[in-house]
Amino acid sequence: MNTLLFYYYISYFFRRKTIYSVHSPFVYEFISKIKKNQEAQCVSRIISKHRRRLIRNSNSIETVDFGTGSGDKKYTTYLERINKLAKKRSLSKHETKLLYSMAHCFDPKTTIELGTAFGISTSALALANPRSKIYTIEGCANIMAIAEANFQRLDLKNIESLIGEFDHVLPKLLKQIETIDMVFFDGNHRKNNTLQYFEWCKQKANTDTVFIFNDIYLSREMKEAWNIIISDQQVTISIDLFYFGLVFFRSGIEKQHFILKI
Ligand SMILES: C[S@@+](CC[C@H](N)C(=O)[O-])C[C@H]1O[C@@H](n2cnc3c(N)ncnc32)[C@H](O)[C@@H]1O
């Protein structure tokens with residue numbers, strides 16, 4: 001944990017509340033359901049097999065760094081070992097279980113994921129709701145090929161993988177979709193890009209939609225983006241779980257923000 005993340009964690013730690021202090025029936029019920037989800041453990045074991053396979057794979061692939069490019073050359077291409085990349089880019093076991101439980105609880109019909117990487121989180125989303133449709137977007141074709149092999153191994157038929165930059169693929173995808181029920185934002189952790197994707201997706205949100213942001217405390221930029229997102233007029237409920245930030249667009253309720261322990 002770097003110094004900034006540690007500082008943010010300490011600040012979260014002293015402000016977080018348990019669900020027993022939550023007065024919103026919607027939030028109370030949602031958090032209780034996530035905590036009680038027994039299936040998450042079993043699904044986590046299935047996904048762990050894929051994670052172990054990646055960790056054992058020391059082959060190198062050519063990949064693109066979309067998140068940290070700077071200067072004139074926006075993106076950099078480099079060779080990296082699959083196991084190193086998988087450790088760096090995938091959700092942890094705990095986060096995967098949490099994401100599965102959330103997706104299971106909300107039962108979304110249409111989900112968009114920004115940032116597939118090796119498909120750890122995509123598999124959790126797909127296993128949580130086999131009847132839902134998951135659109136997952138990844139800019140690096142080599143990485144997506146490994147994720148797709150895993151989707152086949154797990155016999156996941158409800159995933160549509162899209163290769164390309166979010167800036168190009170997301171607007172096209174949104175044009176084809178009437179409404180979205182869930183979005184998992186887990187790629188390109190720059191402030192302005194995150195806010196742009198939020199604005200685009202918000203136009204297709206309905207009153208039951210949930211947006212889940214990963215890495216809200218990754219950097220000052222991400223923390224600023226998160227603060228702007230939770231202040232948005234259309235966001236009525238927001239929940240800070242440290243690992244994830246959730247926002248809801250439920251109508252007819254007072255705007256509320258929760259910092260919760262899970
Ligand atoms: C943190 S990883 C996703 C991890 C994945 N959700 C998981 O937990 O298994 C982020 C991914 O987003 C991709 N990405 C980042 N910025 C992108 C952009 N602008 N366009 C397309 N893909 C991008 C990266 O290549 C990377 O694989």
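Nine salt bridges are counted in this structure, which is a predicted model. Side chains of opposite charge can pair when their charged atoms come close. A handful of these pairs are worth a closer look, along with one threonine in the neighbourhood of the first of them.

A good place to start is the salt bridge between Glu160 and Lys133, whose closest N and O atoms are 3.1 Å apart. This pair ties together distant parts of the chain, with Glu160 in strand 5 (residues 159-163) and Lys133 in strand 4, the two being 27 residues apart. Glu160 has a relative accessible area of 30% and is therefore partly exposed. Lys133, with a relative accessible area of 31%, is likewise partly exposed.

Strand 4, which spans residues 133-138, also holds Thr136. Here the setting is a buried one, because the relative accessible area of Thr136 is 0%, and buried means under 20%. The side chain of Thr136 is joined to that of Glu113 by a polar contact of 2.6 Å. Leaving aside residues up to four places away in sequence, Thr136 touches Glu113, Thr116, Thr122, Met144, Ile159, Glu160, Ser161 and Leu162. Glu160, the salt-bridge partner of Lys133, is thus also one of the residues that Thr136 contacts.

Turning to helix 9 (residues 191-202), both Lys202 and Glu199 are found there, three residues apart, or about one turn of the helix. Their side chains form a salt bridge in which the closest N and O atoms lie 3.3 Å apart. What is the burial state of each partner, buried or partly exposed? Lys202 is buried, because its relative accessible area is 10% and the limit for buried is under 20%. Glu199 counts as partly exposed, at 33% relative accessibility.

A further salt bridge brings together the side chains of Arg250 and Asp208, at 3.6 Å from N to O. This pair, too, links distant parts of the chain: Arg250 sits in the loop between strand 9 (244-248) and strand 10 (256-259), while Asp208 belongs to strand 7 (residues 205-214), 42 residues apart. Arg250 has a relative accessibility of 25% and so counts as partly exposed.

Finally, salt bridges can also be followed through a group of residues. Glu80, Lys84 and Lys88 are linked in a network of such bridges.

Notes. Residues are numbered from 1 along each chain as its sequence is written. This is a predicted model: local features need pLDDT of at least 70, side-chain atom pairs count only at pLDDT 80 or more; totals for chains, interfaces and linings use all residues. Side-chain values use heavy atoms; hydrogens and water are left out. Helices (H or I, at least four residues) and strands (E, at least two) are DSSP runs, numbered from the N terminus. Buried means under 20% relative accessible area, exposed over 50%, partly exposed in between (1.4 Å probe, protein chains only). A polar contact is a pair of N or O atoms within 3.5 Å; within protein, one must be able to donate a hydrogen and the other to accept it, and residues adjacent in sequence count only if both atoms are side-chain atoms. Contact means heavy atoms within 4.5 Å. A salt bridge is a side-chain nitrogen of Lys or Arg within 4 Å of a carboxyl oxygen of Asp or Glu.
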